[in-house]
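Reader: I'm new to this structure and would like a close look at just one part of it. Could you pick a helix, walk me around it, and then show me how it fits in with the rest?

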Amino acid sequence: MSDNPDTPKPRIGAGDVQITLLDPAGNPEALVLRPNYNAARTISAQSGGLMGAIERVSKLDLETITQVITLGLGYGTQSARGPKDLPQRIYATGLTDDPGGLAERCVLYLQVLMSGGQMPRKADDGDPPQR
């Protein structure tokens, strides 16, 4: 992400999850994972359900993390394949801790997909989440 005030910032919606990837020059770039049906369906089918995807991400399965990010960015279809260097950028950013923390962001995104595209509300008092 550039410090230039003229650089447009990603717009965050109700269920959007912001991530930071290193660009090819090694500079951080803010991107947004947007919940969509195609991502939920594809991840679920290829991971044995969305909980299966969370388990794989928790085990730092690089292929699953790459798939979640690719689909969340709107790539991964015949018409939108995404940048060829995206998997390398994901790896270079790091899956845990700073600067990336991509595994944690992917788990949050998967929880959003489970919640129909909305940010899940944590229940403080044991009540079920409100919509």
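Author: Let's go with α2. Its buried residues pack against α1, α3 and α5. The residues in question are Leu50, Gly52, Ala53, Ile54 and Val57. Keep in mind as you look around that this is a predicted model.

A bit of background helps with that list. An α-helix has 3.6 residues a turn, so residues three or four places apart point the same way.

Now step off the end of the helix. Just after α2 comes leucine 60, with a positive phi of about 60°. Most residues other than glycine have a negative phi. Leucine 60 is not a glycine, and yet its phi is positive. You'll find leucine 60 in the loop between α2 and α3. Is it buried or exposed? Neither label fits: leucine 60 counts as partly exposed because its relative accessibility is 37%, and that value falls between the 20% and 50% cut-offs.

Next, go back to α1, one of the helices that α2 packs against. Here the buried residues are Ala39, Ala40, Thr42, Ile43 and Ser47, and their cover includes α2, α3 and α5. At the N-terminal end of α1, asparagine 36 acts as a cap, with a side-chain oxygen 3.2 Å from the backbone nitrogen of asparagine 38. Past the other end, glycine 48 comes just after α1 and has a positive phi of about 70°.

Isoleucine 43 is a good place to see how α1 meets its surroundings. Not counting neighbours within four places in sequence, isoleucine 43 is in contact with Gly49, Leu50, Ala53, Gln67, Val68, Leu71, Leu110 and Leu113. Leu50 and Ala53 are among the buried residues of α2, so that's a direct link back to where we started.

Zoom out a little and you reach the largest nonpolar core, which has 27 residues. Which of them touch the most other members? Those are Ile43, Ile65, Ile69, Ile90, Leu110 and Leu113. At least two core residues come from each of β1 (17-22), β2 (28-33), α1 (37-47), α2 (50-58), α3 (62-72), α4 (86-93) and α5 (102-114). The largest share is that of α5, with 8 residues.

While we're here, have a look at α3, which holds threonine 70. Threonine 70 has a relative accessible area of 14%, so it counts as buried. Its side chain reaches the backbone oxygen of threonine 66 at 2.7 Å. Leaving out neighbours within four places in sequence, threonine 70 is in contact with Tyr75, Gly76 and Leu86.

The strands deserve a quick stop too. β1 and β2 run antiparallel and are joined by 6 bridges; in one of these, threonine 20 has alanine 30 in β2 as its partner. Together the two strands make a hairpin with 5 residues between them, and glycine 26 in the turn has a positive phi of about 90°.

Finally, the whole chain. There are 5 helices and 2 strands, in the order β-β-α-α-α-α-α along the sequence. Of its 131 residues, 37% count as buried. Among contacts between residues at least 6 apart in sequence, 54% join residues at least 24 apart. As for the outside, the accessible surface comes to about 7900 Å², with 51% of that belonging to carbon and sulfur atoms.

Conventions. Residues are numbered from 1 along each chain as its sequence is written. This is a predicted model: local features need pLDDT of at least 70, side-chain atom pairs count only at pLDDT 80 or more; totals for chains, interfaces and linings use all residues. Side-chain values use heavy atoms; hydrogens and water are left out. A nonpolar core is a set of buried Ala, Val, Leu, Ile, Met, Phe, Trp, Tyr and Cys residues joined through side-chain atoms within 4.5 Å. Buried means under 20% relative accessible area, exposed over 50%, partly exposed in between (1.4 Å probe, protein chains only). Helices (H or I, at least four residues) and strands (E, at least two) are DSSP runs, numbered from the N terminus. Contact means heavy atoms within 4.5 Å. A polar contact is a pair of N or O atoms within 3.5 Å; within protein, one must be able to donate a hydrogen and the other to accept it, and residues adjacent in sequence count only if both atoms are side-chain atoms. Accessible areas come from the Shrake-Rupley method with a 1.4 Å probe; for residues, only the protein chains shown count as cover. Two strands pair if DSSP finds at least two bridges between them.
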